[in-house]
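Reader: I should be grateful for a close look at a single part of this structure, namely one strand together with its partners and the side chains around it. Please treat the strand pairing before the aromatic contacts.

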Amino acid sequence: MLIKSFGIKIGEIYFHGSDIIEYSGLQETRVEYEMTENAVGNGTIITGWYMPEREITLTARVLKMNAESVFRYFKGNKNYVLVIGDRKINAVMQNVKLDWALTFYNDPRIELSLIAPDPYFYDVSDFGKDIAGIIPQFGFPWTYSPDNPVKFGYREFTDQTIFENDGDDEVGLKLRIEASGIIR
C-alpha cells in the first residue's frame, strides 16, 4: 500500500501523503485460532478462527493554523470512515494527541489511535443493493406549470440482482432480506 502517493482521508479530514510521518495497522492482519488438544495424537486441532479488531495508528503533520480545529474534530465519540485509495474501513477513535513539542520551526503533529471493529477493508464503491430502485427522469431545460406536473423519477421493481464478491476470500451465501408493504 503506497500511502505516501495519495494520503489518507479520515472522516472529513485529509492527510496528504507527504504529511504522514508514521502509520501502522493498515498492512498487517492478525488471525487468532481456537484450539483443542488432540485426544488421540500429538499437537492440537484447530476448532475455529477469527480476526480480532484492527488497531490503526497514524502520526501526521498538521498546519499550525489548522491544528486546533483538526484536534477538536477528532475529540469525542464518533464513527469514522478511513479511505485509502479505493479501499475503506470503519473505525472509532481510541486516543488523539496533539503534540506541540519542538514546533518552533515545524508544524505540530497529531497522533491518532483508532480501532476498526470489523478488520476488513471494503471497496469505496461498495453499497447495499436495492432491488427496487428509482429511475431518474428530471433534467434541463425545465419548465413548470401547475397544469403540467413534473415527474422526478419512477420506481422500478425487479426480482433479481447480481452481487459481486470483490473481497479477498470466497464466502458462502449470506442474505439479509427486508420487505415492507402489503404482499398479495
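Author: In this predicted model, Leu82 has Ile89 of strand S8 as its bridge partner. That contact belongs to the pairing of S7, residues 79-84, with S8, residues 87-99. The two strands run antiparallel and are joined by six bridges. Two residues lie between S7 and S8 in their hairpin, where Gly85 adopts a positive phi near 65 degrees.

Strand S7 also pairs with strand S1, which spans residues 8-10. This pairing is likewise antiparallel and has two bridges. Within it, Lys9 stands opposite Val83 of S7.

The two faces of S7 may be considered next. In a regular strand, side chains alternate between the two faces of the sheet. In S7, Tyr80, Leu82 and Ile84 make up the covered face, whereas Asn79, Val81 and Val83 make up the uncovered one. Leu82, the bridge partner of Ile89, is thus on the covered face, while Val83, opposite Lys9, is on the uncovered face.

Tyr80 leads from the strand to the aromatic contacts. Its relative accessible area is 2%, under the 20% limit, and Tyr80 therefore counts as buried. Phe74 is buried as well, because its relative accessible area is 0%. A pair of aromatic rings is described by the distance of the centres and the angle of the planes. For Phe74 and Tyr80, the ring centres are 5.4 Å apart and the planes meet at 45 degrees, so the pair is classed as tilted. The search of the whole structure returns four aromatic pairs, and the pair of Phe74 and Tyr80 is one of them.

These two residues also belong to one aromatic cluster, whose members are Phe15, Tyr73, Phe74 and Tyr80. Tyr73 has a further contact, with a charged group: the charged end of Lys78 sits over the Tyr73 ring, at 4.1 Å from the ring centre.

In summary, S7 is joined to S8 by six bridges and to S1 by two, and Tyr80 on its covered face takes part in the aromatic cluster with Phe15, Tyr73 and Phe74.

Definitions and conventions: Residues are numbered from 1 along each chain as its sequence is written. This is a predicted model: local features need pLDDT of at least 70, side-chain atom pairs count only at pLDDT 80 or more; totals for chains, interfaces and linings use all residues. Side-chain values use heavy atoms; hydrogens and water are left out. Rings of Phe, Tyr and Trp (its six-membered ring) pair if their centres lie within 6.5 Å; planes under 30 degrees apart count as stacked, over 60 as edge-to-face and the rest as tilted. Buried means under 20% relative accessible area, exposed over 50%, partly exposed in between (1.4 Å probe, protein chains only). A charge sits over a ring if NZ of Lys or CZ of Arg is within 6 Å of the ring centre and within 35 degrees of the ring normal. Helices (H or I, at least four residues) and strands (E, at least two) are DSSP runs, numbered from the N terminus. Two strands pair if DSSP finds at least two bridges between them.
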